[in-house]
Amino acid sequence: MPSASPAPVSPSPEDRPNDLATAPALQTGLAASETFDIIVVGSGIGGLVTATQLVAKGAKVLVLERYLIPGGSAGYFERSGYRFDVGASMIFGFGSRGTTNLLTRALEAVNVRLDTIPDPVQVHYHLPDGLMLKVHRAYENFLQELTDHFPHEQQGIRQFYDECWQVFNCLNVMDLLSLEEPRYLMRVFFQHPLACLGLVKYLPQNVGDIARRYIQDPTLLKFIDMECYIWSVVPADRTPMINAGMVFSDRHYGGINYPKGGVGQIAQKLVEGLEKAGGQIRYKARVTEVVCEQGRATGVKLATGEVYRAKRIVSNATRWDTFGKLVPPAQVPQSEQKWQQRYQKSPSFFSLHLGVKADVLPPGTECHHVLLEDWQQMESPHGTIFVSIPTLLDPELAPPGCHILHTFTPSWIEDWQDLSPSEYEQKKEDIAEQIVNRLEKIFPGLAAGLDYQEAGTPRTHRRFLGRDDGTYGPIPSRKLMGLLGMPFNRTALPGLYCVGDSTFPGQGLNAVAFSGFACAHRIGVDLGL
């Protein structure tokens, strides 16, 4: 395999001048004495959906964002004519039917829209022992391709994925709002009793247990593990069936649809709708503390010392950043301490943002790829490589004659600590070279065709996204009963709510949008909106 020759490498974001310090001050028009109905800390998709849903109900809402643009891990950055997505480019939730198209519904709630581009293939797998297959948008095409590899499991394949559809069909007939609101639960139960009973059945179950009811082939079961791992970062035994039912079915129902202009447009459009509806957002506003008075969250304090007050506070930070940082350790409720024993931080990622010459991509290349050479390394640092090529769907994201290859692989922050600056840069270069060399299997000539290269580590994600250890959310520390351990939006601290991937139903843009709908619904009821 040819060695990767380095492309022009941009300085690491870790080593750039601090944008937050050098950018000009933004005019806010806010007075610290103002009192709001709701303050949302963080402008990730979960926080923005919460904010836009509440402002649409007539609430006075303020969003506080530590960075210069909204979106968090669904943001973007621009370099040398390329517009790179910060996180994943495989987007669910933009369908035009049913109730699980939560991103479409969130934008419509504040009268904005976003053009999207359908992707005919969710992912192209490149797995050990020559197992290469595509997950087609057309369900029957996918089943046929999988059955071609495992003809002796034809019946089991059909039974397993059809059961995933049963879960999805239960979700897709009801408005997805707060499961903490009794009147909503009663209404939904009377409207859709069978669907509700179906969800109750699957709520404590994990994917692995159900897969083994129908499938015996060990390699096919490893493939099911990978099907879960690419979005839950855990194998099937620790992936809730509710989440899998949504993902494994919606990719065929609503499909994978890429937002024109890049993933960052989702947050930009939500902010546009928020402001049109009378809400406010302030950038370069780093919240350092949730202000508590008489045992209740009543406001937030910024790094500048400013204090803003509200009837309700919503944290879009991770659970670890919320309880232990924004809420001082001495005030962390016991229930949160117990939750942190059941769940651990998922890995962060080593991200390699590449600009490449267009002729590097073979004809018929799909947008999304997963590469793994050894099943035993699936969960190991840098074992599984994810690749997105969004310019196959939206060529305007790159200079003419070029494509974006956004490559990322799980990585733990412990492996990046206690390094000197030169050691840190050398380690980045070494891992980047290893990844490019491995990807030559899919894209021959990749190293020679590099036009731009920039790497980010868990330290980069921690710094710019404000996520503890750069984590992308919680994963079970052991096998749990499905989603029963995931907390909802209300917390044990009165007046404080959480939203995002540390709350039910977990990770993924559509999942955090669900969390946002649920959080806004619960707060709306609590405030009588």
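Reader: Which residue stands opposite C498 in β20?

Author: In this predicted model, where local features need pLDDT of at least 70, side-chain atom pairs count only at pLDDT 80 or more, and totals for chains, interfaces and linings use all residues, the residue opposite C498 in β20 is S315. Residues are numbered from 1 along each chain as its sequence is written, and side-chain values use heavy atoms, with hydrogens and water left out.

Reader: How many bridges join β12 and strand β20?

Author: Two strands pair if DSSP finds at least two bridges between them, strands being DSSP runs of E with at least two residues, numbered from the N terminus. Here β12 and strand β20 (residues 496-498) are paired in the parallel sense through 3 bridges.

Reader: Which residue in β12 is the bridge partner of T35, and which is that of K301?

Author: T35 has R309 as its partner in β12, and strand β1 (residues 35-41) pairs with strand β12 (residues 307-315) in the parallel sense over 6 bridges. K301 is partnered by V307 in β12, while strand β11 (residues 296-302) runs antiparallel to β12, with 3 bridges joining them. Their hairpin has 4 residues between the strands, and G305 there takes a positive phi near 95°.

Reader: Why does C367 form no disulfide with C402?

Author: A disulfide is a covalent bond between the sulfur atoms of two cysteines. The rule applied is a pair of cysteine sulfur atoms within 2.5 Å, and the count comes to 0 disulfides. The closest cysteine sulfur to that of C367 is in C402, and because it is 17 Å away, it is too far for a bond. C367 is also buried (under 20% relative accessible area, with a 1.4 Å probe and protein chains only), at a relative accessible area of 3%.

Technical notes
Buried means under 20% relative accessible area, exposed over 50%, partly exposed in between (1.4 Å probe, protein chains only).
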